Amino acid sequence: MKIDRPGAARVLTEDEAAALVALERSAGCRIVFTNGVFDLLHPGHVRYLQDARALGDVLIVGLNADESVSRNKGPGRPITPQNERAEVLAALSSVDAVVVFPEDTPANIIRRVQPDILVKGADWPEDQIVGRDTVEARDGRVVLLPVAQGYSTTSIVERIKNALR
């Protein structure tokens with residue numbers, strides 16, 4: 001079932017996401033989850049999210065909160081504030097819901113939504129994928145998607161910085 005709400009209304013709390021998952025799963029839908037920073041949305045992200053959505057019926061995206069991004073990525077990140085990042089992601093047709101999480105990892109939200117499919121970029125070492133155990137414990141699966149060549153938020157940020165020098 002495709003969620004029929006405008007983008008900003010698809011930014012959910014963890015409780016709302018868990019309720020959505022229960023409703024969608026009761027209708028026989030497969031829940032896909034991925035997460036990230038998405039602070040400079042680019043075509044590589046869009047392709048990744050489209051590919052993730054194609055694996056199931058509902059795509060929920062966990063979005064690192066600003067404080068988490070700063071801890072994980074360092075000073076100067078995120079480029080775009082969390083509410084704006086969430087609104088842009090939620091407006092994408094491939095994304096059914098966005099949940100902002102303050103922790104450094106998505107472990108808590110993954111435990112809450114219990115996705116059937118956990119998606120990460122293929123650049124992630126399999127033994128470092130947070131939530132793998134939760135998903136596999138309920139007979140779900142982890143899918144590693146190829147990273148779109150030529151698109152890396154870090155490299156885009158560096159190119160912008162170099163152009164400004």
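Which strand pairs with strand 2 in the parallel sense over two bridges? The exercises below work towards this and related points.

This is a predicted model, in which local features need pLDDT of at least 70 and side-chain atom pairs count only at pLDDT 80 or more, while totals for chains, interfaces and linings use all residues. Residues are numbered from 1 along each chain as its sequence is written, and side-chain values use heavy atoms, with hydrogens and water left out.

**Exercise 1. Find the partners of strand 2.**

Step 1. Locate strand 2 at residues 31-36. Helices (H or I, at least four residues) and strands (E, at least two) are DSSP runs, numbered from the N terminus.

Step 2. Take the opening question. Strand 5 (residues 117-121) is the partner over two bridges, in the parallel sense. Two strands pair if DSSP finds at least two bridges between them. Phe33 stands opposite Leu118 of strand 5.

Step 3. Turn to strand 3 (residues 58-64). Six bridges link strand 3 to strand 2, again in the parallel sense. Asn35 stands opposite Gly62, and Gly36 opposite Leu63.

Step 4. Add the helix. Strand 2, helix 2 (residues 43-53) and strand 3 form a right-handed β-α-β unit. With the strands pointing away from the viewer, a right-handed path from the first strand over the helix to the second runs clockwise.

**Exercise 2. Decide whether strands 2 and 3 are buried or exposed.**

Step 1. Set the scale. Buried means under 20% relative accessible area, exposed over 50%, partly exposed in between (1.4 Å probe, protein chains only).

Step 2. Check strand 2. Ile31, Phe33 and Asn35 lie on one side, Val32, Thr34 and Gly36 on the other, and all are buried. Six of the six residues are buried, so strand 2 is largely enclosed by the rest of the structure.

Step 3. Check strand 3. Seven of its seven residues are buried. Val58, Ile60, Gly62 and Asn64 point one way; Leu59, Val61 and Leu63 point the other.

Step 4. Move on to strand 4 (residues 97-101). Strand 4 runs parallel to strand 3, joined by five bridges. Leu63 stands opposite Val100.

**Exercise 3. Describe the surroundings of Asp116.**

Step 1. Place Asp116 in the loop between helix 5 (107-113) and strand 5.

Step 2. Read its accessibility. Asp116 counts as buried because its relative accessibility is 17%.

Step 3. List polar contacts (N or O atoms within 3.5 Å; within protein, one must be able to donate a hydrogen and the other to accept it, and residues adjacent in sequence count only if both atoms are side-chain atoms). The Asp116 side chain meets the Arg25 side chain at 3.3 Å. The Asp116 side chain also reaches the backbone nitrogen of Ile31 at 2.7 Å.
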